[in-house]
Amino acid sequence: MSGRFALAAPLAVVALMLAAPSLAATKPAVAASYPVTVTVDNGKVTIRKRPSRIVSLSPTATETLFAIGAGRQVVAVDDQSDYPKQAPHTSLSGFTPNVEAIAALRPDLVVIAFDPKGLSGALNRLGIPVVFQNAAPTLPAAYRQIRQLGKVTGHAQEANTLAGRMTRQIRSIVQRVRAKAIKASVYHELDQTLFSVTSNTFVGRVYAMLGLTNIADAATAGGSDYPQLSAEYVVSANPDLIVLADTVCCAQTAQTVAARPGWSRVSAVRTGSIVRLNDSISSRWGPRLVNLVRAVGTAVLRLGSQ
Amino acid sequence: MEAAAAQAPAVRVRGVTLGWALAAVAFLVLALVVGVVVGPVDLGVGDVLQSIAAKLGVPGVHSPLSPTAEAILWDLRVPRVVLAALVGGMLAIAGATYQGVFHNPLADPYLLGVAAGAGLGATLAIAYLPHTFSGHELLPLAAFVGGSVAVVIAYSIGRAAGRERDSATLVLAGVTVASFFTALQTFVQQRNTDTLQEVTSWILGSLPNTGWSDVRTLAPYVLAATAVIVALRRVVDVLSLGDLEAESLGIHVRRVRLALVVAATIGTAAAVAVSGLIAFVGIIVPHAVRLVVGTSYRGLLPLSFVVGAGFLVLCDVIARTALSPAEVPIGVVTALFGAPAFALVLRTRGSRA
């Protein structure tokens, strides 16, 4: 008996030590008062008490929730949420969602970025509040979504800090790049069949912000903001910078691009100005936006010094 | 087979007049020229023709094109035109072969499940192969294997279930296998929604910008399959009369049919593997040719290849330029422009069918 106590006592101390800082962290600095109401893409949503069983079917929201310290309140994330690593990954799908499987987790908040076949309505009927945050069209909209998630999870302070830091960091990169007034064109690649983005998209706006000319804008007339460009056009448009957002899905690298027929003459290939982005960074509008702007901004500055 | 060829005139087939053959070849040449001259980037008609002449070794001619324009022409545009011709020709002659062998005017190259099988193979490759460069290189192989497996299964079921010479059983077996493979393909696709876009764009069909490498991969299959079919073209005429009639003329129906189906299927599977599922070519081109030149397979088969090649080259010109510099999936173009073109042929020549 005494032997077991001898073991148990230090364990209890360790457990307390582990628990102590997290207890402090979970106690909101400013006592969040519930209910809170936010206006999101499924209208006005009221959350009655601080959620402790959040299900996130939005990879962007998953990143934000963990970045603002609400990670411990998250019980499940969807199959596309691959960041951060410690998120409770499940096989739940945000594109073909199974309402029963979501309800079985007894969530007190579900965050979605896509609302197929009346998903939010079905969850509401089960008494589960849903925050629907569609893809943000602009940077301010992305910051607003972060603040909203902070508000509903009781981490308003952290969310404000995060959004403020992102705003400052992105602004400083943009100012450094614009100060050099570099004239350059960019080609953003979504996959190796040459799907791209125009300046009407979120990523496209980032390029415009950095003062880049987007070669895909010539295809705006086709009616799609995600046009599939013809290879002939990309080669003749001769972009100064190529951004690969298909490094994970399609294993594209500077070498595979250079090996494409006709591409060896493209300026970006000759000068090695090819930025490799993790696909998920360029397709989300969460905290890692700063990484996107920094990667592209650094490449533009390097172009300017060539 | 020699006997069959000798017997063929006895069943009164009509060959193709030289005029129509020349017209078809002229159509293909015209399509090839348009395909090479027209593109999203205007290289200048005269400059392109001079560059071609220089490439052909015409003395005293030098290409006026810049190195970039030269690369666009010879590394991107010309191989794509050649690829369109090979795929279009293959699909059309395979469709015509199936129509003759199965006495079924609605038969297309995908009749025995090659499309559904290739679709499953491609979807499995996209969803489960490692996301590396070599994983992507294996996609055409997976599509080819999937298509071939589907047809082998359909053929085995059809043979096991059918009476000795019943081609209708074979067609039913093909429909069954196609439904089954399509269901599997949809299931795998639903399980892997992150790859949805890649799978969808493969199924819609498009000609890749892989330069000469896909041409080199595809050409041997297309040439071999076409050679076999053209060599057996007189037998198809006899087969199209009905299995019993063909048998009575001394043809070993099952063996000949197997040779033709194998050739058409392997060629189709190879075409599908590089270009995805391009609809409509395999069914409307043979019928259009038939309406114009008559029903003899002796002329129909080679002309279907020539006209199909030209047709797909022209469809690809539209796919490349309609929304330039964006692209339109070529499967959409073949149906969108193919259907009215076929209706026109039906209207003007329908009385002869």
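Helix axes here are lines fitted to C-alpha atoms over the stretch in contact, and angles run from 0 to 180 degrees between N-to-C directions. This is a predicted model, where local features need pLDDT of at least 70, side-chain atom pairs count only at pLDDT 80 or more, and totals for chains, interfaces and linings use all residues. Residues are numbered from 1 along each chain as its sequence is written, while chains are lettered from A and ligands numbered from 1 in the order in which they are written.

Q: Why are α5(B) and α9(B) called roughly antiparallel?
A: The axes of α5 (residues 114-128) and α9 (residues 196-204) of chain B come within 10 Å and cross at roughly 155°. Angles over 145 degrees count as roughly antiparallel, so that label fits the pair. Both helices are DSSP runs (H or I, at least four residues), numbered from the N terminus.

Q: What makes residues of α5(B) and α9(B) "meet"?
A: Two residues are in contact if their C-beta atoms, placed from the backbone, lie within 7 Å. B:Gly119, B:Ala122, B:Thr123 and B:Ile126 in α5(B) meet B:Glu198, B:Val199, B:Trp202 and B:Ile203 in α9(B).

Q: What makes five of the residues in this contact nonpolar?
A: Ala, Val, Leu, Ile, Met, Phe, Trp, Tyr, Cys and Pro count as nonpolar, Asp, Glu, Lys and Arg as charged, and the others, Gly among them, as polar. The split is five nonpolar, two polar and one charged.

Q: How many residues does each chain bring to the contact between chains A and B?
A: Chain A brings 28 and chain B brings 30. Helix α8 (residues 231-237) of chain A gives the most to its side, with five residues.

Key
Helix = DSSP H or I, 4+ residues; strand = E, 2+ residues; numbered from the N terminus. Parallel < 35°, antiparallel > 145°, perpendicular 65-115°, else oblique.
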